[in-house]
Amino acid sequence: MNTGATLIIGAGLLGTSIGLALSKKGHPVFIDDNSASAKALAVDYGAGQSFTGQIEPELVVVCVPPDQTAAVVASALSRFQSAVVTDVASVKSKVLAELSQLGVSKARFVGSHPMAGRERGGAISGRSDLFISRPWVLTPTDETDPRAVSKVTWLAQQLGAALVISNPENHDRAVALVSHVPQVVSSLLAARLIESADEDVALAGGGLRDTTRIAASDPELWLQILSQNSREIVPILKEFDRELDSLIMALEHLSSPGSLANISNVLRAGNLGVEKIPGKHGTKHTQYDRVVVIIEDKPGELGRLFVEVGSLGVNIEELQLEHSPSAQVGLVELYVMPQSVSTLAEGLLARGWRIAE
Ligand SMILES: NC(=O)C1=CN([C@@H]2O[C@H](COP(=O)(O)OP(=O)(O)OC[C@H]3O[C@@H](n4cnc5c(N)ncnc54)[C@H](O)[C@@H]3O)[C@@H](O)[C@H]2O)C=CC1
Ligand SMILES: O=C(O)C(=O)Cc1ccc(O)cc1
């Protein structure tokens, strides 16, 4: 059991979120950053005490941008001779390669990557619940001391994350598909909107919002992530490119034999792919049924709805809000276990709520 101090280096989104969550659990946390204002803000938010060299940490968590990570890890390993050091950078092989180049002994280091984040960085976006039920990947190597693995396992568990043990290569291959290519696709799609007329964009519904949310991410951070993992990202994008070309060809020649089947196959393959995305607690979205409630766009409506759902004894498994700025109503998509659908729908109708479908 860890009772010692944790030092977080990098007081941005990840560092502040980790600091908030550990502090909330009563663990001693110290926080450092090469930006005095970032550090002061994280301390102000309650992410930990300002680090001035006053303690010897047992665990150091490096939460700086990917390009800075190896240098900061190397300096922490040399400065704190008995501490376990981990990082949270989005690409894992590059950090290890750079540490090897620096001639650093990596026994006390284990790379890690919480698969949780937000579009906006900085302490201001930090949240103590960021990691709950999210995968937290550890990437030990043959050199890693098991003590380092147990310390970082402890960290992930304290933050409520779901521990995944992998290795740097498999990790980087996987995140290229589930995180890095989605970022590229989302950015390319959102960039199509720049030249469009405002009144066209005003028609946007949930589809555009869903597919462009992460296009709001920090370009500086993502340039580093994409550059560090280009080897894994490029083959996926090339395959994507080939399939896109084939789809364009089919759309251009709709009456050619096979064109409609080709388009249909793309859409069906999309259905199959989306079914593989895990929902809450690793289960599939398809396990839940949906009830869509139309609510008035006024303060307190959501709260009132949740209280009523609770009083019907129904647990909300997942939730989505659909709201158009010009509309007077919002759509609340409640995902519940199939056996709860009729209780929920009938109960809400009886209490005067409007159900969309
Ligand atoms: N943003 C996200 O959604 C996720 C980010 N990550 C990884 O977490 C790491 C941090 O990302 P964010 O928290 O989003 O970035 P951020 O930009 O919010 O925070 C980074 C902080 O590091 C500080 N910093 C930079 N160089 C430093 C140095 N040499 N020494 C001390 N402090 C330094 C900056 O002043 C800044 O406060 C990155 O490596 C990123 O790949 C991992 C999962 C999700
Ligand atoms: O916002 C999302 O959906 C994310 O997936 C955030 C994210 C960004 C970068 C990472 O390395 C890990 C997670």
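1. Which elements each supply at least two residues of the lining of the largest cavity? They are α4 (93–101) and β6. Keep in mind while reading on that this is a predicted model. Of the two, β6 is the one to look at, as the largest share of that lining, three residues, comes from β6.

2. Some more on that cavity. The count comes to one cavity of 30 Å³ or more, and the space in the largest cavity is about 50 Å³. Its lining is made up of D87, K92, V95, L96, F109, V110, G111, T139, T141, T144 and P168. Sorted by class, these lining residues are five nonpolar, four polar and two charged.

3. Now the domains. The assignment for the chain runs domain 1 (6–166), domain 2 (235–277) and domain 3 (285–355). If you want a feel for the layout, the C-alpha centres of domain 1 and domain 3 are 38 Å apart.

4. On to ligand 1, which has 27 residues around it. Those that come nearest are L14, D33, V64, S90 and G122. By class, the shell holds 15 nonpolar, ten polar and two charged residues.

5. The polar contacts of ligand 1 are worth clicking through one by one. At L13, a backbone N or O atom sits 2.9 Å from an oxygen atom of the ligand. At N34, a polar backbone atom is 3.3 Å from a nitrogen atom of ligand 1. Q68 uses its side chain instead: a polar atom there lies 3.4 Å from a nitrogen atom of ligand 1. As for cover, ligand 1 taken alone exposes 830 Å², and the protein buries 84% of that.

6. Which elements give two or more residues to the shell around ligand 1? The list is α1 (13–24), α3 (66–79) and β6 (109–114). Here α3 provides the largest share, three residues. Note that β6 turns up in this shell and also in the lining of the largest cavity, so to speak a strand to keep highlighted in your viewer.

7. Ligand 2 has a short list of neighbours: S90, H113, A116, G117, R213, I214 and W222. By class that shell has three nonpolar, three polar and one charged residues. S90 deserves a second look, being in the shell of ligand 2 and also among the residues that come nearest to ligand 1.

8. Where does the protein make polar side-chain contacts with ligand 2? One of them is at S90, where a polar side-chain atom lies 2.7 Å from an oxygen atom of the ligand. Another is at H113, with a side-chain N or O atom 2.6 Å from a ligand 2 oxygen atom. R213 contributes too, through a polar side-chain atom 2.7 Å from an oxygen atom of ligand 2. Taken alone, ligand 2 exposes 340 Å², of which the protein buries 77%.

9. Last, the second largest pocket, with about 150 Å³ of space. Its lining consists of Q183, V184, S187, A215, S217, D218, P219, W222, L223 and L226. Both α6 (168–191) and α9 (219–228) supply at least two residues each, and α9 gives the most, with four residues. The class split for this lining is six nonpolar, three polar and one charged. W222 links this point to the previous ones, as W222 lines the pocket and is also one of the residues around ligand 2.

Definitions and conventions. Residues numbered from 1 in each chain as written. Chains lettered and ligands numbered in written order. Predicted model: local features only at pLDDT ≥ 70, side-chain atom pairs only at ≥ 80, totals over all residues. Heavy atoms only, no water. Domains from an automatic or database assignment. Near = heavy atom within 4 Å. Polar contact = N/O pair within 3.5 Å; in protein donor to acceptor, adjacent residues only side chain to side chain. Areas by Shrake-Rupley, 256 points an atom, 1.4 Å probe, with all protein chains shown as cover. Nonpolar A, V, L, I, M, F, W, Y, C, P; charged D, E, K, R; others polar. 1 Å grid on protein atoms, 1.4 Å probe; cavity = no way out; pocket = protein on both sides within 12 Å on 5 of 7 lines; lining within 4 Å. Points joined across faces, edges and corners; volume = space filled by probe spheres on them.
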